[in-house]
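Reader: I should like a close look at a single part of this structure, with its pairing, packing and surroundings set out in order. Please give the cut-offs behind each term as it arises.

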Amino acid sequence: AVDLSVSWLGVNMENPLYNASGVMCRSREELDAVAASAAGALITKSCTLLPREGNPEPRYAKAPHGSINSMGLPNAGYQYYLDYAKAYDHQGGKPLFVSVSGMSLEDNLEMLAAFRDADLPCLVELNLSCPNLPGKPQIGYDFEASSHVLSEVVKVYHKPFGVKLPPYFDPVHFAEMASVLNSFPSLKYVTCINSVGNGLVIDLDSESVVIKPKGGLGGIGGDYVLPTALANVREFYRLLDDKHVIGCGGVKSGREAFMHILAGATAVQVGTCLYEEGAACFARIRDELAALMQEKGYATLADFRGKLKTM
Ligand SMILES: O=C1NC(=O)NC(C(=O)O)N1
């Protein structure tokens, strides 16, 4: 038998799988469905200070090898998720993570202060990478801005926290961002990657884009992004000091989950596949991962975590 459990930053997960923020996590009903599934944890939709409708629909589309989305941070507002976290059974339940994505630094600080004051056992994932707010750049692509935001955040929020990063595509950028992140000891994990921003899916029959916002541009997920996600997990695993890397991007079976952990991931999030298949994907991916480990002779995740071979 194999042991899929992972304990990190004070949370204990029976298996390393949970939802990617944004998928099946905007309402309490959706969050409860993830909690009731075979997922090892759950994370809320990135919240803003005030409730948001988000971008005009259609704003999500399945694509031949993944998905495209420009949701625009539709969410119930941070109080809703704070209330959910206050009512949540942290002892008996699965670890609950809260994603925060303020429209401004002030909003982020106000929300983080509220989560701080509530003194809850959930971990915060600060989203530095939403690619779908018209006119707003992804903070994670501006190293100076990222450093400034994190400097202000740690003055207000003293507990361990994580950040959701956009994908990087250049070794210099990996090094620059790692250097910024390494200067914040209380930043204890990074989630790599958010969707690959501003891709374009075209429907040949209609000769049209497939989502309404931003002329059809949106964040790309699914099979398309697996190599990029694995590279980001690997590089930050290699470059960060004493931090965890959470893998996200292209996970649709035990195979990709195994790859993310081999690249160094502590745990693994599922986005597009969860959106398309539903919460049953967690039991399937969990069982596939267990079978793969059994086949390869690994008893625990630690037996192979980060042990990607190079040539
Ligand atoms: O950070 C985000 N990443 C995405 O791919 N989409 C959502 C969104 O648009 O709300 N946010």
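Author: Strand S7 (residues 96–100) runs parallel to strand S8 (residues 123–127), and four bridges join the two. Strands here are DSSP runs of E with at least two residues, helices are runs of H or I with at least four, and both are numbered from the N terminus; two strands count as paired if DSSP finds at least two bridges between them. The model is a predicted one, in which local features need pLDDT of at least 70 and side-chain atom pairs count only at pLDDT 80 or more, while totals for chains, interfaces and linings use all residues. Residues are numbered from 1 along each chain as its sequence is written, and side-chain values use heavy atoms, with hydrogens and water left out.

Within this pair, serine 99 of S7 has glutamate 125 of S8 as its bridge partner. Serine 99 counts as buried because its relative accessibility is 1%; buried means under 20% relative accessible area, exposed over 50%, and partly exposed in between, with a 1.4 Å probe and protein chains only. Apart from neighbours within four places in sequence, serine 99 is in contact (heavy atoms within 4.5 Å) with Ser21, Ile43, Thr44, Lys45, Ser46, Cys47, Glu125 and Asn127. Helix H3 (residues 105–118) lies across S7 and S8 and runs at about 160 degrees to S7. Such angles lie between 0 and 180 degrees and compare N-to-C directions of axes, which are lines fitted to C-alpha atoms, for helices over the stretch in contact.

S7 and S8 belong to an open sheet of eight strands with parallel pairing, in the order S3-S16-S15-S10-S9-S8-S7-S4. Its edge strands, S3 (17–19) and S4 (42–43), each pair on one side only. Packed against S3, strand S15 (244–248) and strand S16 (267–270) are the buried residues of helix H7, which also pack against helix H6 (226–239) and helix H9 (280–296). H7 (residues 254–262) is largely enclosed by the rest of the structure because seven of its nine residues are buried. These are Gly254, Glu256, Ala257, Phe258, His260, Ile261 and Leu262.

After the edge strand S4 comes a loop leading to S5, and proline 58 is found in that loop. The peptide bond joining glutamate 57 to proline 58 is cis, with omega about 0 degrees. A second cis peptide bond, with omega about 10 degrees, joins cysteine 192 and isoleucine 193; isoleucine 193 has its place in the loop between strand S10 (187–192) and strand S11 (196–200).

The pairing of S5 (residues 60–63) offers a contrast to that of S7: S5 and S6 run antiparallel, joined by four bridges. The two form a hairpin with two residues between them, and alanine 63 stands opposite glycine 66 in S6. In a regular strand the side chains alternate between the two faces of the sheet. In S6 (residues 66–69), Gly66 and Ile68 point one way and Ser67 and Asn69 the other, and all are buried. S6 also pairs with strand S14 (residues 217–222), in the antiparallel sense over four bridges. There, asparagine 69 has glycine 219 of S14 as its bridge partner.

Lysine 214 lies in the loop between S13 and S14. Although lysine 214 is not a glycine, its phi is positive, at about 50 degrees. Its relative accessibility is 29%, so lysine 214 counts as partly exposed.
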